[in-house]
Amino acid sequence: MLWSNLIHLGYNLNLDREDVHEDALAARNAPADYFRWKPHTRIDDGVWNAVVDATAAAGLNSLTIAPADGVAYESHPEIATPGAWPVSRLREELARLRELGIEPQPKLNFGAGHDIWMGEYSRMVSSRTYYEVVGDLIEEVADIFGKPEFFHIGMDEETYEHQELLDLVVIRQGELWWHDLELIADKVRATGARPWMWADAAWRKAGEYFDRMGADVVQSNWYYNNVFTGDETGRPKIVDHADNSAYLTYLDLDDQGFDQIPTASTFFESENLLATVRFAKERLNHDRVLGFLHSTWLPLLPAHLDVHLTAIAELAQAREIWEGSAK
């Protein structure tokens, strides 16, 4: 079982400019730092070390790490923001994690609304150059992470609703979305890792999603509310972050035989992970639950350290619930 916390070394994920008005950020009902674009890397060494130490002390076995533009890749150093870690630093830190019993898994989000970290290449989606750069990055990151078991490719929220504050909105649809997904997944497979992605496209694509999705692609539905009751007839329709039906996709994935890693967050409600684990323990086939992922969606800065530590503590408590030593 993977008990993993999602953390980001690079955090330019949601906006492509810095001058978005505070009122616009507040209207999205999320922490402002979740959205903000910055022309520099936001990694505080003290916070990174505190997160690593707390993860080890809690006996957790994984960190899912999104290097994004917080690492100066050897294949594409032009992507990095000032202050990014050199590849050598990342390799050293990953080695330290393994010494502590923490297996790192990489994440690069190639969803067209969350790939701002790719710099100019985020404006070349589905071009020949884009495919080459994606391939280079996946190959290099897989090598840096030492041939990981899983490789998270993102692919979430590719809708106008989630990009309305961007200067450039990019939405792949129909066959192009499926083509790019399979191309990216194939590049991951070529490294020996198993593709892993967000499952919210199933909220919109419904039956098509389950008919066409590769059986080996690990699914992470995410649901950040604590209400797990309601109308369970049929598949969920279009939902947003706070919709009370998104949890139904956990059941759909289970019914269709997909391996999944349910995902919770500190985003909206406290103890969301605990509620998610209780639901999964009762309703899902345990053989197809490969683990759980927790997320703060905040950069590694001192102002957010308490939230990161809370997420780690919740992961440890969630593991006890799953293993039967707590309720």
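How far apart should the ends of helix α4 be, given its 13 residues at 1.5 Å a residue? The expected span is 18 Å, and the end C-alpha atoms are 19 Å apart, which agrees. The model is predicted. The points below cover helix α4, helix α9, the residue F228 and the internal cavities.

**Helix α4**
- Helix α4 runs over residues 87-99.
- Its buried residues are V87, R89, L90, E93, L94 and L97.
- These buried residues cover an arc of only 155° around the axis, which puts them on the same side of α4.
- An α-helix has 3.6 residues a turn, so residues three or four places apart point the same way.
- E92 and E99 are exposed, on the other side of α4.
- The cover over the buried residues of α4 includes the helices α3 (45-57) and α5 (128-144).
- Strands also contribute to that cover, among them β2 (62-66), β3 (71-72), β4 (85-86) and β5 (103-106).
- After α4 comes G101, with a positive phi near 85°.

**Helix α9**
- Helix α9 spans residues 248-255, and seven of its eight residues are buried, so it is largely enclosed by the rest of the structure.
- The buried residues are L248, T249, Y250, L251, D252, L253 and D254.
- They pack against the helices α7 (201-205), α8 (207-212) and α10 (272-283), and against the strands β8 (218-220) and β9 (263-265).
- G257 follows α9 and has a positive phi, near 80°.

**F228**
- F228 sits in the loop between β8 and α9.
- Its relative accessibility is 11%, under the 20% cut-off, so F228 counts as buried.
- Leaving aside neighbours within four places in sequence, F228 is in contact with Y223, Y247, Y250, A275, T276 and F279.
- Of these contacts, Y250 is also one of the buried residues of α9.
- F228 and R278 are 50 residues apart in sequence, while their C-alpha atoms are 9.8 Å apart in space.

**Cavities**
- Rolling a probe the size of a water molecule over the atoms shows where empty space is left.
- The model has four cavities of 30 Å³ or more.
- The volume of the largest cavity is about 130 Å³.
- Its lining is made up of 14 residues, and Y34, H114, D156, E157 and W297 lie nearest the centre of the cavity.
- By type, the lining of the largest cavity has seven nonpolar, four polar and three charged residues.

Definitions and conventions: Residues are numbered from 1 along each chain as its sequence is written. This is a predicted model: local features need pLDDT of at least 70, side-chain atom pairs count only at pLDDT 80 or more; totals for chains, interfaces and linings use all residues. Side-chain values use heavy atoms; hydrogens and water are left out. Buried means under 20% relative accessible area, exposed over 50%, partly exposed in between (1.4 Å probe, protein chains only). Helices (H or I, at least four residues) and strands (E, at least two) are DSSP runs, numbered from the N terminus. Contact means heavy atoms within 4.5 Å. The expected span of a helix is 1.5 Å times one less than its number of residues. The arc is that of the directions from the helix axis to the C-beta atoms. On a 1 Å grid over the protein atoms alone, a cavity is a set of points where a 1.4 Å probe fits but cannot get out, and a pocket is an open set with protein on both sides within 12 Å along at least five of seven lines; lining residues have an atom within 4 Å of a point. Grid points are joined across faces, edges and corners, and a volume is the space filled by probe spheres set on the points. Ala, Val, Leu, Ile, Met, Phe, Trp, Tyr, Cys and Pro count as nonpolar, Asp, Glu, Lys and Arg as charged, and the others, Gly among them, as polar.
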